[in-house]
Structures are given as structure tokens and as C-alpha cells.
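Biologist: Thanks for sitting down with me! Could you walk me through this one, starting wherever you like?

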Amino acid sequence: MSAEKKQAILMNDFQRQWQDIGQQVLDATQAVGKSGWYVLGASVKQFEQNLAKHWGLSQAIGCANGLDAIEIGLRAQNIRTGDKALTTPLSAFATTLAILRCGATPVFVDVDEHGLMDLQKAEQALLADSSIRFMVPVHLYGHAMSLPNLAKLRDQFSLQMVEDCAQAIGARSFGTPVGGAAQMAATSFYPTKNLGALGDGGAIVCNDSALAQKAQCLRDYGQSEKYLHTELGLNSRLDELHAAILNAAMLPRLADWTTKRRQIAQCYLEGIKHPSIQLPTAPEGSDSVWHLFPLIVKSNRDSLKSWLSQHSIHSGVHYPILITDQPALLTAGQPIIIGSLDNAQRFARQELSIPIHPYLSDDEVTQVIRVINDWPEQA
Ligand SMILES: *Cc1c(COP(=O)(O)O)cnc(C)c1O
């Protein structure tokens, strides 16, 4: 009998990642340390250039986290107190928090069968309320929303838009990278994201040098030159250390990591067969990057979660409470909701995410499939 303790299958395995990247991280750290320059220097510049190139856009601006990236994107486009911004109730709370921090009012519409903002309902909301001038769509779970449809809404209603790409870096819609429909896009380098740092980080990307300049100013106290403050900005800078690590160890691996996520997704899509489980689907034209693999569990999600846990397989719920039901939001008054949120509520009740990180072994993927297919529902 083996005395070896069976390793749990994690949602993210940072120890395995460290085995792979550790030496490059240490080398990058040493280079920054030796340089004696720790904030907004050569590493941030270099990373911004590489990120923009990787993304296929002309401008990238590093900042402290994804939440700030969305806020900076909105403020660079002159959002004001009382402005309305259309968004989704099914996302990280940060999406809506960024809107609120601008003093603006979020307006919510339901999601579609993939869990992404329903753009037909968005159009109806925009037709019904012509005072909505901003929009923050979210490419959730690593899927790309339809960029042609987003661009159509943007033009039809003269919207200022920030695409939340925190879960979808590298995803494409009909061949175009996410971020390609809005004036600006935001992303996050929180460790669990597809491109994660060893701490917090974020970026704004765009194709407009004037907007990029405004974002650069906003992330650094609103300074347009040293000690000249032309905006009421934030302190939201990306550290040299994180930029150097992202540059040396993470960004060069992103394409391979994404390939691995896609391969695992393919195995799950082919292998998981259970009458009470619905597999995730992507919008038409989406080349998804599978930040998460969201199952819909039609009967008893908690039972599947504990069954997986009994077999040392971790899982997560994205998200158990809709943004519109969050106590912090309700202190700001009743949220503006257009139509019903039936689909979003169904995701909150039935979604379960299973491990899909790039350091999973083939055996582990097979094990996840087998355990799910054997789930007796009454477990
Ligand atoms: C993670 C995330 C954010 C926030 O990013 P932080 O870097 O944690 O501030 C925003 N939106 C979505 C969809 C996210 O997944």
C-alpha cells in the first residue's frame, strides 16, 4: 500500500508554476534590484510595449490592478457623477465597483445562455433609456462576446465603452482580439488570471494615443508632467518588479498556457457526460481562452461540489451572489435593472467551475472526467 498522500487537484497550482518559472522570476527580481529603479521605469515601459504588441493594439498602460484599470478607462473617457453605465450582474464585483467609484450609476441587463451580457437586451435597454452613455461589457469565463455586435451598439448609441478583459486575455471574436470593439479595454494580472503576476497588477489597452496619455496621467496622481496635476488621479502604478516578472516569466508563456487550457477544455467537452450536467457553450465566433470551465449543474450543485471534494478535486462557483444582490451595492439604493435577470440567477444557482489551469496533468484531467461522470447525484 502506498503511504504517499494523494495530491489534491487544485483550481490553480502555483507551486507547480513556481517549479517552472521560479528561476526566471528570481533573475528578473535581481535585475530590478540591481537597477535601483522601482516605480515607473524601464521594465514597465518594456512590458507595456510587449503587451500592446502581443494584444495587437498600439497602446498599453500598466496600473495597479484590474479594478483600477476599468475605472481609469472610464475616467479617461470623461465619465461623470450621475452618468449611467450599462453592465452585467454576473461578474467579479470589481466590474460594477469601478463604475460606482467614478460616481456613476450601473444599469444591469440579463446574461445570455453563455453567461455573457445579452446584447439584444442591452439594445432594448439603450433604446428605452437614451441617457445611458457608457457601457462595460465583460468577456466572462474566457469567452469573447461578439465584437461586431458590440461595435454596432457602440456606434448606434454613441457609447463610450470599456471592455472588461480580465478573464479573456487573448480571446478572439471572429478573429479579432477582445478589446477591439471599445475605445479602451482593461485587464488584470491577479495571480489566478490567465496572465497572472506574483501579486496585483493590471493594464489598460487601446489604439488611441490621446486616451493612452490620459490614462497614464490618471494612474499617476493625475500628473501630466512632474508636479503638475491636471486631473484628480489615482495612485495606481504597476511596480517595476511585477512588470519585469510578467515580461520575463509570464507573457512569453501565455500562448502555450492558452493552448493547454484549450486542450483541457476539449477533453472536458468530449469526455464529460452526465444527464444533470450541461457543458459550457461559447458565443458564435468566440475563440475562447478558458479562464474557467463553467458547468451548469441542473439538479444539486452542492452535492457535486462535495462529491468532487471527497475525491480531492477542488471546484469554485462564479458567482454565487449576483452583483445586484450584493449588500454593498444595495446601500447605494435600489439598483437599476432593465428586464428580468432570470438567466443570471440560474448561473448563480447552478454554475460550478472545475480545474482548468495549465499545469494539470493528463491523468488529472482524466480523473476529473471520471469522477464527474460517476457522480451519483445523491452524494
Ligand atoms: C479579476 C477581475 C476583475 C478585477 O481585477 P483585480 O485585478 O482583482 O482588481 C475585474 N473583472 C473581472 C471580470 C475579473 O475577473
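Modeller: Happy to! This is a predicted model. Let's start with a pair of side chains, aspartate 220 and arginine 237, which are joined by a polar contact of 2.9 Å.

Biologist: Which other side chain does arginine 237 join by a polar contact of 3.2 Å?

Modeller: Arginine 237 sits in the loop between strand 11 (228-229) and helix 8 (240-250). Leaving aside residues up to four places away in sequence, arginine 237 touches Val39, Leu40, Cys63, Ala64, Arg219, Asp220 and Tyr221. Within that list, the side chain at 3.2 Å belongs to tyrosine 221.

Biologist: Lovely. Turning to the ligand, what is the distance from an oxygen atom of the ligand to an N or O atom in the side chain of lysine 193?

Modeller: Among the 13 residues around the ligand, the nearest are Gly66, Leu67, Asp164, Ser188 and Lys193. For glycine 66, a polar backbone atom is 2.7 Å from a ligand oxygen. Aspartate 164 instead uses a polar side-chain atom, 2.7 Å from a ligand nitrogen. For the side chain of lysine 193, the distance to a ligand oxygen is 2.6 Å.

Biologist: And how much of the ligand's accessible area does the protein cover?

Modeller: On its own, the ligand has 380 Å² of accessible area. The protein's share of cover is 89%.

Biologist: Which helices each supply at least two residues of the shell around the ligand?

Modeller: The shell holds 5 nonpolar, 6 polar and 2 charged residues. The helices that each supply at least two of its residues are helix 3 (66-76) and helix 4 (93-101).

Key:
Residues are numbered from 1 along each chain as its sequence is written. This is a predicted model: local features need pLDDT of at least 70, side-chain atom pairs count only at pLDDT 80 or more; totals for chains, interfaces and linings use all residues. Side-chain values use heavy atoms; hydrogens and water are left out. A residue is near a molecule or strand if one of its heavy atoms lies within 4 Å of it. A polar contact is a pair of N or O atoms within 3.5 Å; within protein, one must be able to donate a hydrogen and the other to accept it, and residues adjacent in sequence count only if both atoms are side-chain atoms. Accessible areas come from the Shrake-Rupley method with a 1.4 Å probe; for residues, only the protein chains shown count as cover. Helices (H or I, at least four residues) and strands (E, at least two) are DSSP runs, numbered from the N terminus. Ala, Val, Leu, Ile, Met, Phe, Trp, Tyr, Cys and Pro count as nonpolar, Asp, Glu, Lys and Arg as charged, and the others, Gly among them, as polar. Contact means heavy atoms within 4.5 Å.
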